[in-house]
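Trainee: Could you take me on a close look at the pockets of this model, and at the parts of the chain around them? I would like one connected account rather than a list.

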Amino acid sequence: MSFTLRQLNYFVAVAEHGSVSAAAQSLSISQSAVTEAVKDLEADLGVKLFDRHSRGLRITHRGNQFLRHATTILAEVSGARRAFDDEGRSAQGKLHLGLTSLVAGYVISDLLAKYRRANPKVEISAIEDSGEYLEHLLIGGEMDVAVMMTSRVGERHALHAETLDVSPYRLWMPLGHRLTGQDSISLSDLKEEPLIILNIDEMEQETVKLLSVLGTRPKVAFRTRSVEAVRSLVATGAGVALLPDLVYRPWSLEGDRIEARDVSGSLPVVQVGLVWRKGSKLSAAAREFVAVAQAHRMIGNT
């Protein structure tokens with residue numbers, strides 16, 4: 001392996017933006033430099049990272065797998081550099097932080113604990129709301145940083161989004177379900193399955209859009225904003241669910257087992273990271289939070 005950090009940065013940018021042109025614009029470099037870096041990376045790894053189509057690029061299954069490693073490597077490098085910057089000093093002041101529901105429940109606790117230990121003098125105020133409303137607060141200068149799904153950021157002309165980790169979708173099933181014994185599961189296998197839908201942070205839209213390729217409306221058995229309710233319903237055989245690994249746990253609250261399996265095909269991934277207003281000077285407390293988050297592997301600390 002001889003890939004470079006520059007190649008990893010360019011690859012992550014393309015994966016995040018879905019096109020070479022958008023990635024090049026975000027990095028303030030030429031499209032040819034991005035294209036060359038991705039091609040060299042694919043050649044070095046010996047795998048195809050993206051499928052090319054008329055509207056841009058679609059990340060492959062192997063690309064998704066490598067994306068997790070790439071973001072982890074870049075975060076570790078950032079942490080190594082940060083270890084020698086401002087050593088022994090902690091930030092002061094206030095940090096106004098925004099969180100979406102998914103982040104509040106499954107990402108933020110470890111990150112905030114690490115930040116508080118390093119910056120005990122910072123006063124933190126956090127608000128949980130929809131990604132759309134958090135964007136409004138960021139643009140209006142009422143919030144410093146938001147931790148949210150960066151793949152769903154709408155106002156990219158006004159906001160900087162930095163993806164820190166990714167989480168692929170998988171199929172959740174009860175123990176002994178007929179599909180657990182199959183070597184391979186496809187979307188068509190789910191055509192007649194009752195679905196348990198989680199309708200927070202655009203989870204429902206992603207699932208319905210994913211299954212629309214089957215040509216029929218999904219058989220929705222239950223909609224809920226509670227991940228724990230999804231676990232209990234799946235574990236007791238009320239249906240199956242398509243959800244990102246970010247929220248997967250193998251047991252329901254009642255102690256029933258939940259199986260998770262990969263599904264063949266182009267399943268989406270959840271991108272989680274930081275968002276702040278372009279052109280604004282971050283406070284010392286906010287800059288320190290960004291640095292801590294970049295060095296912290298948010299997803300997978302379970």
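Mentor: Happy to! One term first: a residue counts as exposed when its relative accessible area is over 50%, as buried when that area is under 20%, and as partly exposed in between. Please also keep in mind that this is a predicted model. Its mean pLDDT over the chain is 83, and 90% of the residues reach at least 70.

Let's begin with the largest pocket. It holds about 1,200 Å³ of space, and 40 residues line it. Nearest its centre lie I59, N64, L267, P268 and V269. The elements that each contribute two or more residues to this lining are the helices α1 (5-17), α4 (61-82) and α8 (203-211), together with the strands β1 (50-53), β2 (56-59), β6 (159-174) and β11 (269-277). Helix α4 provides the largest share, with six residues. Sorted by class, the lining has 17 nonpolar, 12 polar and 11 charged residues.

L267 is a good residue to stop at here. It sits in the loop that joins β10 (258-261) to β11. L267 is buried, because its relative accessibility is 13%, under the 20% cut-off. Beyond its neighbours within four places in sequence, L267 has contacts with N64, Y169, L187, L210 and L242. N64 is thus a contact of L267, and N64 is also among the residues nearest the pocket centre. As for Q205, its C-alpha lies 13 Å from that of L267, with the two positions 62 residues apart in sequence numbering.

The contact with L210 leads us to α8. The buried residues of this helix are M203, E204, E206, T207, L210 and L211. They lie on the same side of α8, because they span an arc of only 165° around the axis. The general rule behind such a pattern is that an α-helix has 3.6 residues a turn, so residues three or four places apart point the same way. A word of care for your work, though: α8 has the lowest confidence of the elements in the chain, with a mean of 74, whereas helix α9 (residues 227-235) has the highest, at 93.

Now to the second largest pocket, with about 770 Å³ of space. Its lining is made up of 26 residues, and those nearest the centre are E16, L27, H160, A161 and E162. At least two lining residues come from each of α1, α2 (20-27), α4 and β6. By class, 11 are nonpolar, 10 polar and five charged.

L27 belongs to helix α2. With a relative accessibility of 30%, L27 counts as partly exposed. Leaving out residues up to four places away, L27 touches Y10, A13 and V34. The C-alpha atoms of L27 and N9 are 9.1 Å apart, though 18 residues separate them in sequence.

The loop between α2 and α3 (31-45) contains S28. S28 is exposed, because its relative accessible area of 68% is over the 50% cut-off. Its phi is near 60°, a positive value in a residue that is not glycine.

Finally, a stretch to treat with caution: over residues 298-302 pLDDT stays under 50, and the model has 16 contacts beyond four places in sequence for them. Where pLDDT is low, the predicted coordinates should not be read in detail.

Conventions:
Residues are numbered from 1 along each chain as its sequence is written. This is a predicted model: local features need pLDDT of at least 70, side-chain atom pairs count only at pLDDT 80 or more; totals for chains, interfaces and linings use all residues. Side-chain values use heavy atoms; hydrogens and water are left out. On a 1 Å grid over the protein atoms alone, a cavity is a set of points where a 1.4 Å probe fits but cannot get out, and a pocket is an open set with protein on both sides within 12 Å along at least five of seven lines; lining residues have an atom within 4 Å of a point. Grid points are joined across faces, edges and corners, and a volume is the space filled by probe spheres set on the points. Helices (H or I, at least four residues) and strands (E, at least two) are DSSP runs, numbered from the N terminus. Ala, Val, Leu, Ile, Met, Phe, Trp, Tyr, Cys and Pro count as nonpolar, Asp, Glu, Lys and Arg as charged, and the others, Gly among them, as polar. Buried means under 20% relative accessible area, exposed over 50%, partly exposed in between (1.4 Å probe, protein chains only). The arc is that of the directions from the helix axis to the C-beta atoms. pLDDT is the predictor's confidence in each residue, from 0 to 100. Contact means heavy atoms within 4.5 Å.
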